[in-house]
Structure formats: C-alpha cells, structure tokens
Amino acid sequence: MSGTKEEDRKGSSEWREFFWNPRTHEFMGRTASSWGLILLFYLVFYLFLAGMFILTMYIMLLTLDDYNPTWQDRLATPGMMIRPKGEQLEISFSPSSTETWDGLVQNLNTFLSPYNDSYQVQTNDECPSDQYFIQEDSGEVRNNPKRSCQFNRTMLADCSGMSDRFYGYNQGQPCILIKLNRVIGMLPGRDGQSPYVKCGAKREDSDKMGELAYFPPNGTFNLMYYPYYGKKAQVNYTQPLVAVKFLNASVNTDINVECKINSNTLAEGSERDKFAGRVSFKLRINAK
C-alpha cells in the first residue's frame with residue numbers, strides 16, 4: 001500500500017512539474033522566452049498567409065469589371081419562367097371560389113407594379129420597335145447609366161389587370177405571364193425578327209387546351225428590349241413579358257402546357273434542361 005501511495009505522489013508531482021517547474025521556471029515544458037519565440041513565429045506566419053490572401057484577392061478584383069462579367073458560363077438559350085408562381089409550376093383554381101385564385105391575382109399585381117404606365121413614362125424611353133437599342137461605350141468612357149425602353153402594362157391588354165382586375169380567373173379564362181431570364185449582351189433575333197412565344201398542350205392533352213390569346217400580339221419579345229447591359233449599368237431596365245390567356249380550356253382536368261421561345265438566333269433548348277428556352281406547367285380549372 002505504501003508503495004502505491006508513493007507512486008501516486010510521484011506521478012502527481014511529475015504532472016505538476018510539467019505544468020509549472022519552479023526550479024527551471026518552465027511552463028508546460030517551455031521557458032517564457034521559448035514560448036515567446038514560438039508565438040512570434042506563428043504570429044508572423046499567419047500574418048504572412050493573411051497578407052498573401054489579401055494581395056491575391058486585390059489583384060483578382062482589379063481584373064473584374066463592375067458592369068460586365070469577365071466570364072459568362074451560360075446556356076446557349078436562356079431559361080423561361082411563368083407568373084403567377086404556383087406550387088411546383090401547377091396552377092389550380094376554381095372560378096366560383098375566390099380564395100382559390102385571390103393569391104394568384106395578388107401575385108400578378110405585385111409582379112406587374114413596376115410596369116405601370118405612369119412609372120414607365122417617367123423612367124424609360126419610348127423606343128422604335130423591331131430594332132436593337134444598342135448603347136455603345138466611347139472607348140474607355142462608360143456610357144452609363146444606360147437607358148431602357150418602356151414596357152407599359154397596358155401592352156398586356158386583357159392580361160394587364162387594368163380592364164380586368166382579376167386577370168380572367170373569376171371567369172375561368174386565366175392569364176399566365178411568361179418571361180425570359182436576363183442575359184447580358186444577348187441578341188435574340190436578326191433581320192428585324194423578334195423572338196416569339198408559342199404555347200401548346202402535351203400530346204395527351206391536345207384536345208383540352210382550347211384557344212389561346214397572346215399579348216403583345218403574336219407573343220413577341222420585341223428586339224428593342226435588347227441587349228441587356230446588366231443591373232448596375234441599366235438600372236431602370238424592365239424585361240419584356242408575354243401574356244397568354246386561356247379562352248376556353250377544359251375544366252375538371254389536368255392540362256399539361258408547354259411554352260417555347262422561337263427565334264432565328266437562339267438554339268432550341270436541350271432535353272437535359274427543361275427550362276432552356278421553354279417552360280412546362282400544369283393548369284387545372286375546377287368547376288362545380
């Protein structure tokens with residue numbers, strides 16, 4: 001027993017001396033000068049790494065342009081999206097039940113508020129149609145901020161929410177808005193031919209969709225809204241829209257709709273990307 005106690009005391013003493021040795025004035029095996037040197041080394045080392053990182057970031061930022069991306073890794077055809085936003089691109093409502101479509105109408109009102117004619121007249125230009133609105137820089141002198149062309153809400157006619165504040169949802173003739181994603185510098189047509197949207201039902205639903213109406217006429221994205229120069233250079237840019245109104249779609253059934261962009265410069269979307277130049281959604285109008 002006495003041997004065991006002595007060994008415990010010896011082990012405890014060794015641990016105490018490891019943390020602080022009063023004879024050599026060492027803390028955890030090092031003197032104060034030794035700790036000072038090693039801390040100084042790591043301080044200098046990490047300051048050097050931080051300096052290298054800051055220098056690298058600074059040099060990289062010098063190569064970037066505030067207005068134009070250095071690299072644009074994008075699809076050959078921009079994506080398309082619809083408004084109002086339904087769950088998983090499904091729009092389902094009942095004309096006789098206000099609560100089923102009131103949220104959809106509010107979504108459209110919010111989305112279209114920047115397109116009000118009064119705001120567009122104040123902030124944007126009235127441009128000649130069917131030609132690009134090109135605003136070149138003069139060498140290194142920036143032509144910024146760049147101007148934008150008006151896209152007035154009234155151009156959507158029956159789907160503007162002006163003449164029909166319910167966008168046809170209360171009558172079972174819903175309006176769907178379509179937009180192309182913004183791509184800096186994209187020229188989506190040539191020879192004065194603007195790209196246009198065409199919607200159709202999937203093969204199994206071809207007899208359910210009925211007649212469609214497009215606004216603006218022919219469902220075009222006029223060339224005057226291109227090219228887009230970026231959010232910072234073209235602060236008031238309002239991207240063009242196409243509205244599709246379903247005039248007599250079948251009720252109490254799912255209708256699988258696909259809308260595509262047609263252009264003489266943009267490549268047809270790939271099957272691997274379902275949103276490149278097209279958008280698919282499901283429409284269901286419930287009736288009692």
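At 7% relative accessibility, Lys146 counts as buried, so this lysine makes a good starting point for a walk through the model, which is a predicted one. What does the side chain of Lys146 meet in a salt bridge? The partner is Asp137, with 2.9 Å from N to O. Asp137 itself counts as partly exposed, because its relative accessibility is 31%, and burial here means under 20%. The pair therefore joins a buried lysine to a partly exposed aspartate.

Just before Lys146 in the numbering there is a feature of the backbone to look at. Asn144 and Pro145 are joined by a cis peptide bond, with omega at about -5°. Pro145 belongs to the loop that runs between helix 4 (117-123) and strand 3. That loop also holds Ala157, whose phi is positive, near 50°, although the residue is something other than glycine. Ala157 is partly exposed, with a relative accessible area of 29%.

Follow the loop to its end and you reach strand 3, residues 175-180. How many of its six residues are buried? The count is six of six, and the strand is described as mostly covered. In a regular strand, side chains alternate between the two faces of the sheet. Strand 3 shows this split: Cys175, Leu177 and Lys179 point one way, while Ile176, Ile178 and Leu180 point the other way. Both sets are buried, Lys179 being one of the residues included.

Strand 3 has pairing partners that you can trace in the model. Strands of a sheet pair through backbone hydrogen bonds, either parallel or antiparallel. Strand 1 (residues 80-83) runs antiparallel to strand 3, and four bridges join the two. Strand 6 (residues 242-246) also pairs with strand 3 in the antiparallel sense, over four bridges. Leu177 is a handy residue to centre your view on: Arg83 stands opposite Leu177, and Leu177 also stands opposite Ala243 in strand 6.

From strand 1, the chain leads into a loop towards strand 2, and Leu89 is found there. Leu89 has a positive phi of about 55° although it is not a glycine. Is Leu89 buried or exposed? Leu89 is buried, because its relative accessible area is 19% and the cut-off for burial is under 20%. A second cis peptide bond to visit joins Phe215 and Pro216, with omega at about -10°. Pro216 sits in the loop between strand 5 (212-215) and strand 6.

Now turn to an open sheet of four strands, in the order 2-8-7-4, with mixed pairing. Its edge strands are strand 2 (90-93) and strand 4 (196-201), each of which pairs on one side only. On average, neighbouring strands of this sheet are turned by 25° against each other, direction ignored. At one side of the sheet, strand 4 and strand 7 (residues 254-262) run antiparallel and are joined by six bridges. Within that pairing, Gly200 has Glu258 of strand 7 as its bridge partner.

Glu258 also leads us back to charged side chains. Side chains of opposite charge can pair when their charged atoms come close. Together with Lys260 and Arg278, Glu258 is linked in a network of salt bridges. Another contact involves Asp254 and Arg284, whose closest N and O atoms are 3.1 Å apart in a salt bridge. Asp254 lies in strand 7 and Arg284 in strand 8 (residues 278-285), so this pair ties together parts that are 30 residues apart in sequence. Both ends are partly exposed: Asp254 has a relative accessible area of 30%, and Arg284 has a relative accessibility of 27%.

One further pair is worth a look. The side chains of Lys208 and Asp205 meet in a salt bridge, at 3.1 Å from N to O. Which of these two is buried? It is Asp205, at 3% relative accessibility, whereas Lys208 counts as partly exposed at 22%. In the pair where we began, the lysine, Lys146, is buried and the aspartate, Asp137, is partly exposed. The structure holds six salt bridges.

Definitions and conventions:
Residues are numbered from 1 along each chain as its sequence is written. This is a predicted model: local features need pLDDT of at least 70, side-chain atom pairs count only at pLDDT 80 or more; totals for chains, interfaces and linings use all residues. Side-chain values use heavy atoms; hydrogens and water are left out. Two strands pair if DSSP finds at least two bridges between them. Axes are lines fitted to C-alpha atoms, for helices over the stretch in contact, and angles run from 0 to 180 degrees between N-to-C directions. Buried means under 20% relative accessible area, exposed over 50%, partly exposed in between (1.4 Å probe, protein chains only). A salt bridge is a side-chain nitrogen of Lys or Arg within 4 Å of a carboxyl oxygen of Asp or Glu.
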